[in-house]
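Here's a structure to wander through together. Have a look at it first, then we'll go from place to place.

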Amino acid sequence: MKLNTNSNAYIIIYSAIMVVIVAFLLAFVYQALKPMQDANVALDVKKQILYSLNIRDLDGSAAEAKYSEVVKNETEKDGQKLYECQIDGKNIVVASLKGMGLWGGISGYLAIDPEGKVYGAYFNHEGETAGLGAEIKDSQAWQEKFIGKQIWDENGNVVLSVVKKVENPATQVDCVTGATLTSNGVDAMLKDGLKNVKPNAEEE
């Protein structure tokens, strides 16, 4: 019996077989590449933590080695991770941060010195506007404005802020030009993410 390649049954069976084969191949490729993808994600996180410690321009094995050198311990509470680090004889704590920007999630790492001041900062985003809200990630100069700012007052309240007009240079950073809503998201992220972190980075 000659196979009728123009029949509806043949077309349906052929299509179904092709879908199964393609799905199998995609699943195989995904599983084969997943370890590499996971390693790249883990490395990116380590590099972001190093950025918050003002250690940049390291790639691959150099970043891995530097991370192992400076990060001494990692803890997690209620989804927030804290990294105990040592830089130039100083005990620095890096706090992970998560919040919402204008178009999606934002995140970051804030390094805290033993005096409760910002040692360094790095912020990231999922989809903020290039040249505007995306500057929280792309502008190293803006991130460096946080360095030296006081984080808490004497009562342990978070006073570090991102504002449209700086009135207290000791605790405030001016917002990204043209990106007020994203800057407000960073401010809220700092307030929420730092309220449960100990004011003294060296406190037991």
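Before we start, one bit of vocabulary: a residue is called buried if its relative accessible area is under 20%, exposed if that area is over 50%, and partly exposed in between. Keep in mind, too, that this is a predicted model.

Let's try those words out on Ser-107, which you'll find in strand 4 (residues 105-112). Its relative accessibility is 24%, so Ser-107 counts as partly exposed. Now look across to Asn-124, which sits in strand 5. Asn-124 has a relative accessibility of 13%, so this one counts as buried. Along the chain, Ser-107 and Asn-124 are 17 residues apart, yet their C-alpha atoms are separated by 5.1 Å. What else does Asn-124 touch, if we skip residues up to four places away in sequence? Besides Ser-107, the list has Gln-48, Ile-106, Ile-136 and Lys-137. Ser-107 has its own set of contacts beyond its neighbours within four places in sequence, including Leu-97, Lys-98, Tyr-122, Phe-123 and Met-189.

Phe-123 is a good stepping stone to the aromatic rings. A pair of aromatic rings is described by the distance of the centres and the angle of the planes. This structure holds 5 aromatic pairs. In one of them, the rings of Phe-123 and Trp-142 have centres 5.8 Å apart and planes at 55°, so we call the pair tilted. It joins distant parts of the chain: Phe-123 belongs to strand 5 (residues 118-125) and Trp-142 to helix 4 (residues 140-144), 19 residues apart. Are these two buried or exposed? Phe-123 has a relative accessible area of 0%, so it is buried. Trp-142 comes in at 5%, so it is buried as well. Trp-142 has another partner: its ring centre lies 5.1 Å from that of Phe-146, and with the planes at 85° that pair is edge-to-face. Both Trp-142 and Phe-146 are buried. Put the ring pairs together and you get a cluster of Phe-123, Trp-142 and Phe-146.

Next, the helices. Two packed helices are described by the angle between their axes and the distance between the axes. Helix 1 packs with helix 2 (residues 60-70) at an angle of about 60°, and the axes are 10 Å apart. That angle is why helix 1 is said to be oblique to helix 2. The crossing of the two is left-handed. Which residues meet there? From helix 1 come Leu-43, Lys-46, Lys-47, Ile-49 and Leu-50, while helix 2 brings Gly-60, Ala-63, Glu-64, Lys-66, Tyr-67 and Val-70.

Let's zoom in on Lys-47, part of helix 1 (residues 8-52). Its relative accessibility is 17%, so Lys-47 counts as buried. Its side chain makes a polar contact, at 3.1 Å, with the side chain of Asp-59. Setting aside neighbours within four places in sequence, Lys-47 is in contact with Leu-58, Asp-59 and Ala-63.

Last stop: the loop between helix 1 and helix 2, home to Asn-54 and Asp-57. Most residues other than glycine have a negative phi. Asn-54, however, has a positive phi, near 65°. For Asp-57, phi is positive too, near 60°. Asn-54 is partly exposed, at 38% relative accessible area, and Asp-57 is exposed, at 74%.

Technical notes. Residues are numbered from 1 along each chain as its sequence is written. This is a predicted model: local features need pLDDT of at least 70, side-chain atom pairs count only at pLDDT 80 or more; totals for chains, interfaces and linings use all residues. Side-chain values use heavy atoms; hydrogens and water are left out. Rings of Phe, Tyr and Trp (its six-membered ring) pair if their centres lie within 6.5 Å; planes under 30 degrees apart count as stacked, over 60 as edge-to-face and the rest as tilted. Helices (H or I, at least four residues) and strands (E, at least two) are DSSP runs, numbered from the N terminus. Buried means under 20% relative accessible area, exposed over 50%, partly exposed in between (1.4 Å probe, protein chains only). A polar contact is a pair of N or O atoms within 3.5 Å; within protein, one must be able to donate a hydrogen and the other to accept it, and residues adjacent in sequence count only if both atoms are side-chain atoms. Contact means heavy atoms within 4.5 Å. Axes are lines fitted to C-alpha atoms, for helices over the stretch in contact, and angles run from 0 to 180 degrees between N-to-C directions. Angles under 35 degrees count as roughly parallel, over 145 as roughly antiparallel, 65 to 115 as roughly perpendicular and the rest as oblique. A crossing is left-handed if the near helix is turned anticlockwise from the far one by less than a right angle, and right-handed if clockwise.
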